[in-house]
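Student: I am new to this structure and would like a close look at a single part of it. Could you take me through that part step by step, in one connected answer?

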Amino acid sequence: FSSVDTFPSFKNCDSLITKQKKADCFRTTIHFKIGEEIQKHQFTLKESISETVYVDLIINTDGKIELQQITSNEKIKKNLPSLDSVLQNSIAKIPAIFPAIKRGIPVKSKYQLPIKIELE
């Protein structure tokens, strides 16, 4: 039951035929949309950072994305205290998508988004 028949999908991914191509398109599109929003912000640092932040998202049966959790280490929390709010705002700006489908029924799904933070 941990697998779905159709992954969540953005409109631009919906015409793809294979399950793997749709999954790849979803992953690429969501990374791009969040990355695009993050790059609009200026961050001031005392030391360079090369770390990964993990963002757990829930995509509900209506296709709305909800932030479940942001996991980062102490270095990120100390040097980029505003990152969590920037991520929350970025996720809130993502439009509703097509939810995952299991046996013809929309289902809630979870997605973990790794975000590589590299700043100097």
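Tutor: Let us look at strand β1 and its partners, keeping in mind that the model is predicted. Strand β1, residues 49-59, pairs with strand β5, residues 109-119, in the antiparallel sense, and eleven bridges join the two; within this pairing, Ile-58 has Lys-110 of β5 as its bridge partner. Strand β1 also pairs with strand β2, residues 65-71, again in the antiparallel sense, over six bridges, and here Ile-59 stands opposite Ile-65 in β2. Five residues lie between the strands in the hairpin of β1 and β2, where Gly-63 takes a positive phi near 85 degrees.

From strand β5 we can go on to the aromatic rings, among which two pairs are counted when ring centres must lie within 6.5 Å. The rings of Phe-10 and Phe-26 are stacked, because their centres are 5.5 Å apart and their planes meet at 20 degrees. This pair links distant parts of the chain, since Phe-10 sits in the segment before α1 (19-38) and Phe-26 in helix α1, 16 residues apart. The rings of Phe-26 and Tyr-111, with centres 5.4 Å apart and planes at 80 degrees, are therefore an edge-to-face pair, which links helix α1, holding Phe-26, to strand β5, holding Tyr-111, 85 residues apart. Phe-10, Phe-26 and Tyr-111 thus form one aromatic cluster.

As for burial, Phe-10 and Phe-26 are both buried; Phe-26 counts as buried because its relative accessibility is 4%, and Tyr-111 is buried with a relative accessible area of 12%.

Methods
Residues are numbered from 1 along each chain as its sequence is written. This is a predicted model: local features need pLDDT of at least 70, side-chain atom pairs count only at pLDDT 80 or more; totals for chains, interfaces and linings use all residues. Side-chain values use heavy atoms; hydrogens and water are left out. Two strands pair if DSSP finds at least two bridges between them. Helices (H or I, at least four residues) and strands (E, at least two) are DSSP runs, numbered from the N terminus. Rings of Phe, Tyr and Trp (its six-membered ring) pair if their centres lie within 6.5 Å; planes under 30 degrees apart count as stacked, over 60 as edge-to-face and the rest as tilted. Buried means under 20% relative accessible area, exposed over 50%, partly exposed in between (1.4 Å probe, protein chains only).
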